[in-house]
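Here are a few worked exercises for you to try with the model open in your viewer. Have a go at each task before reading its solution.

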Amino acid sequence: MSNNDSSDTSYVKMSTADVASPSSGASAGTDASLIGKHCQLEYCNQLDFLPFLCQSCHKTFCLDHRSESSHNCACAGAWAERRRLAQLARPSAGEGKRMRELVSQKPCAEDACKTIVGTSLVPGVHCPSCNRDYCLKHRLAEDHDCKSKVPIGACAASAAATAAAVQASAKSALERFKLWGKTKREEAARSLPKPKPSTAAQRIIAVNTLKKTAKGDEKIPAEKRIYLYVEAENETAKAKIPKGEFFYNKEWVVGRVLDAAARSLQVQNINNQSSKEEDRLRVFHVEGGRMLEFNEKIEKVLVNGNTIVLLRGVGPPPDLIEM
């Protein structure tokens with residue numbers, strides 16, 4: 001071994017096949033002096049049958065001049081730099097994962113499961129909702145009944161605050177609707193009493209009267225119309241027209257009915273512009289005693305002669321609101 005070797009092997013020893021390949025001009029039966037390559041160092045030019053290829057300048061050298069220092073390489077260090085960059089680009093173990101995703105060895109958090117997670121054979125899966133670690137069988141929220149578990153750690157306070165906010169919103173909606181109902185009863189007491197239809201015949205008469213006075217899009221076929229009484233909460237909705245009688249297409253969803261009713265009563269509707277619940281309008285079904293979801297079809301939840309009320313800032317519709 002020559003004393004000119006560098007610590008980093010930046011050269012590659014070429015094989016006989018390389019130096020005797022068709023591209024080198026050598027073939028079977030040619031002069032042995034033509035096999036191999038000449039050292040490309042200017043003052044050497046020695047013929048070497050197994051020359052060395054420098055990985056930095058990509059020139060061929062003999063045994064004595066194979067190292068970068070011995071042939072004063074014009075691109076000295078290029079090979080070492082390429083190797084360093086390649087090593088830096090190689091992803092390390094665990095890269096891109098949060099610390100909490102690296103589950104330590106422990107039993108699966110599902111009570112009925114005895115599987116040990118966090119091992120090389122059984123990796124654990126962290127659930128961000130309940131802040132627990134599970135095996136692959138119980139990794140999904142429905143598989144470990146995530147909704148019924150109280151999140152541990154810092155998530156518990158956040159979950160409690162969220163639950164309290166939802167309860168407060170539902171309570172606020174209930175109180176506001178009770179206030180609206182009380183106002184309507186006081187207004188009815190000051191006016192002449194109107195008997196509420198109690199028999200089937202009376203209800204039919206009331207619906208027929210409603211059909212004569214209701215307004216709506218005349219393009220809607222008569223067989224697809226549903227006739228409703230529509231009112232708005234004056235204080236929160238700021239309706240210029242507090243109530244009216246309208247018909248809609250029974251194939252519409254509640255959200256589309258809400259848009260049409262808001263236009264008819266001249267109520268400001270910014271549901272598509274604001275994500276704040278206090279700005280959003282919702283539809284309350286008086287006979288059903290609940291707020292309706294935006295995607296519900298009205299033919300499945302309403303019938304002719306029903307009353308709906310536009311309320312603002314009452315929160316997501318609870319399952320049921322009792323009067």
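**Exercise 1. Work out how β14 sits among its neighbours.**

Start with β12: this strand and β14 pair in the antiparallel sense over five bridges, where pairing takes at least two DSSP bridges between two strands. Helices and strands here are DSSP runs numbered from the N terminus (H or I, at least four residues, for helices; E, at least two, for strands). One contact point to look up is H285, whose bridge partner in β14 is I308.

Before going on, some ground rules: this is a predicted model, where local features need pLDDT of at least 70 and side-chain atom pairs count only at pLDDT 80 or more, while totals for chains, interfaces and linings use all residues. Residues are numbered from 1 along each chain as its sequence is written, and side-chain values use heavy atoms, with hydrogens and water left out.

Next, take β10, which pairs with β14 in the parallel sense, again over five bridges. Here A232 stands opposite L310 of β14.

Finally, check burial (buried is under 20% relative accessible area, exposed over 50%, partly exposed in between, with a 1.4 Å probe and protein chains only). Seven of the seven residues of β14 are buried. N306, I308, L310 and R312 point one way, T307, V309 and L311 the other. In a regular strand, side chains alternate between the two faces of the sheet.

**Exercise 2. Check the length of helix α6, then find what covers it.**

The expected span is 1.5 Å times one less than the number of residues. For the 12 residues of α6 (254-265) that gives 16 Å, and the end C-alpha atoms are 16 Å apart, so the two agree. Just after the helix comes Q266, with a positive phi near 55 degrees.

Now look at the buried side: V254, G255, V257, L258, A260, A261, A262 and L265 of α6 are buried. Their cover includes β10 (225-232), β11 (243-249), β12 (281-285), β13 (290-292), α7 (298-301) and β14 (306-312), with contact meaning heavy atoms within 4.5 Å.

**Exercise 3. Which residues have the most contacts inside the largest nonpolar core?**

A nonpolar core is a set of buried Ala, Val, Leu, Ile, Met, Phe, Trp, Tyr and Cys residues joined through side-chain atoms within 4.5 Å. The largest one has 28 residues, and V230, Y248, L302 and L310 have the most contacts inside it. β10, β11, α6, β12, α7 and β14 each supply at least two residues, and α6 gives the most, with seven. Another core lies apart from this one; its eight residues include C108, V117, C127 and C146.

**Exercise 4. Classify the aromatic pairs around β11.**

Rings of Phe, Tyr and Trp (its six-membered ring) pair if their centres lie within 6.5 Å; planes under 30 degrees apart are stacked, over 60 edge-to-face, and the rest tilted. The whole structure has three such pairs. Y227 and F247 are 5.6 Å centre to centre with 50 degrees between the planes, hence tilted. This pair links strands β10 and β11, with its members 20 residues apart, and both rings belong to buried residues. F246 and Y248 have centres 6.4 Å apart and planes at 35 degrees, so they're tilted too. Y248 is buried at 3% relative accessible area, and F246 counts as buried at 10%. Ring pairs join F246, Y248 and W252 into a cluster.
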